Structure formats: structure tokens, C-alpha cells
Amino acid sequence: MTAMPDRADLKGLDLRAEIERLRKERNAVILAHYYQKPELQDLADFVGDSLELSRKAAETDADVIAFCGVKFMAEVAKILSPEKTVILPDMEAGCSLEDSCPPEKFKAFREAHPDHIALTYINCSTEVKALSDVIVTSSSAETILQQIPADQKIIFGPDRHLGGYLSRKFNREMLLWPGVCIVHEAFSETELLKLKAQHPGAPIAAHPECPPTIVDHADYVGSTSGILNYAKAMEGDTLIVATEPHIIHQMERALPNKTFIGAPGADGNCNCNICPYMALNTMEKLYIALRDLEPKIEIEETLRLDAKKSLDAMLEMASGTVGKGDLGNR
């Protein structure tokens, strides 16, 4: 487990200045997912969706990738940039979708359905990627699914809500792994409808990790990048956002004249829609990670190459959609 930094040891440090110094000394690139705290987004070299960030980092001449996100994202960065040192501020920053899909159970599931191919959402472990045929993101899933022959049987995991959304939209039967994102599962249909009534005419943008009770009310369904692009393109001045609320920081920066309202959780005002894993990363932990080059992502080479095959398959089938985030208007 990553040791918590002692604030007393860091007392008097200008963390931002120290991070800037270490960024130069280490020849590091700092990545921040849209769900990170605003202060981490503001100092990052790149802010975006997980795969988009890893691809951008791979194109740099940086020696070190500091990934402010969760563990599976940092692992993807290592898969694509094996020669670079990849650090994660807190190794406990996991993902409920990854946790829901242990590799040994996924392997047994695949073996029980040998006539199925596995389309697997990127929110999974490196081991599960190595057991998959094609990785998908929320921005590439539609393009990839439409290239799979209609008679080919499909396993989709680990997110049953994203899989269910795709199944309904394309009338495509798939075996769905029963995983969910605890953040997107927390949104309340009742509270969303109350909010909609308070802001008549305001569209709703939802991430496809949300359950059908939320997605079915959305005017737009897409990844975090897609929701940001929709916010920029929409004609109105108010948007209800059904995904992790830290994306709103980028919306407000890009569109200061528009109003963005986070969709509420079960009781209308809880913080249950904030990702507890993403929240583990802090300025203090980023400073210590850059200082010590720990915690470090390590992946055995055979496993890395096996996992890379499913990522390469995605990039071959849908490279033009990666980072675009667009699952389309309903």
C-alpha cells in the first residue's frame, strides 16, 4: 500500500513549484484524467480520456509519465510506452469495473463460451486485456461493434451498462459481464427528473456507464471527451451533466458563459458521484511520486505484449474515433 505523505514533512514547500522543478529534472510528462481534482488538471501537460492521454504521452520524448488517474490507465500508458517510467501518485487508485472482473473468472467465462469473441471495455486489468480479442473505449465501441459480423457471438465486459446501451442501440445480443461503475450507478432517476423540471429546456448529457434509467433521459450519450465536445457545440446555455463532476472544471474553463449542473445522487445532494479512486491522487502524492519515481508501474513483457494485441486491434479498427468521445446523439 502507498504510504500517505506526512504533511509535516512537506510543510513550507511550494508544491506546484516543486512539481514544476521535478517535471523538468525528470523529463516528465504529467497526465490528468477529466475526473481528477481541478488543481491536478491545471498543472497537467495533457487533460483528457484515458487512452487519449496514453497515446499523447507515447508521442512525447519524455522519460517519465506521471499519470494522475487510476491504475488501469497507468498500465495502458506502460503497455504503449514500455521504455518510459510510468508512475501513479497512489497505487490504491483502482476502479470498480476492474475489481468486478478478476482475470481467473473472466478466463473461465471465456472458456465456457468458446464460440464468442471478447469485446472488452478498457476499464479492466492488463491480465483481462490479454484475455480479450478487442479492447473498446466509450468513443470507439460503436465503430468496432459495427465491424463485427452479425452472426459472431460476443462477450462484452466488464461494464454491463455500456454493453447494454450498445446492445439496445444496435439490436445486438451480447453476453454481458455483470460489472458496473460505482460512480455512474449512483445517479438517481427521480432526482434527475426533479432537476430537469427546475431547468426546463436544458439538455442532459450522460456517460454510457450510467444505467438505462439515466441514459434513457439523455439528449446526448458519450464519453467525457464527447460530453465536453457536446457542451461546446450545443446552442443552449445550460447543460445537466451525468458523469463524474470534475469534468465540469474543463467545461467552465472552456465555456465560462454557460452553466453546467452535475446530475444528483440518490438523496439529491450527496457526493456519491465523485469517484473515490480518482480522489486518492493529490498534489502531495504527485510531488512524492516525481521525487522518488514511485509507485512505479511494472508489467511482465509477455503479458504486456499479449495485452497490447487487443489494444492494437482496437486502434486498427477504430483509430479515427479514439479521443473523439462521440457515441452520437439519441
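What is the volume of the largest cavity? Here are a few points to help you find your way around this predicted model.

1. Let's begin with the cavity itself. The largest cavity has a volume of about 360 Å³. With a threshold of 30 Å³ or more, the count comes to one cavity.

2. Next, who sits around the space? The lining of the largest cavity is made up of 32 residues, and those closest to the centre are His33, Met73, Tyr121, Asn123 and Glu209. You may like to select these five names in the viewer and look at how they are placed.

3. Some helices take part as well. Helix H3 (50–58), helix H4 (71–80) and helix H10 (182–185) are the elements that give two or more residues to the lining of the largest cavity.

4. As for the character of the lining, 15 of the residues around the largest cavity are nonpolar, 13 are polar and four are charged.

5. Now to the cysteines. The model has zero disulfides. Why do Cys101 and Cys124 not form a bond? The sulfur of Cys101 has its closest cysteine sulfur in Cys124, at 6.8 Å, which is too far for a bond. A disulfide needs the two sulfur atoms within 2.5 Å. Seen from the other side, the closest cysteine sulfur to that of Cys124 is in Cys101, so the 6.8 Å distance rules out a bond there too.

6. Finally, are these two cysteines buried or exposed? Cys101 is buried, with a relative accessible area of 2%. Cys124 is buried too, and its relative accessible area is 1%.

How values were computed. Residues numbered from 1 in each chain as written. Predicted model: local features only at pLDDT ≥ 70, side-chain atom pairs only at ≥ 80, totals over all residues. Heavy atoms only, no water. 1 Å grid on protein atoms, 1.4 Å probe; cavity = no way out; pocket = protein on both sides within 12 Å on 5 of 7 lines; lining within 4 Å. Points joined across faces, edges and corners; volume = space filled by probe spheres on them. Helix = DSSP H or I, 4+ residues; strand = E, 2+ residues; numbered from the N terminus. Nonpolar A, V, L, I, M, F, W, Y, C, P; charged D, E, K, R; others polar. Buried < 20%, exposed > 50% of the residue type's maximum accessible area, 1.4 Å probe, protein only.
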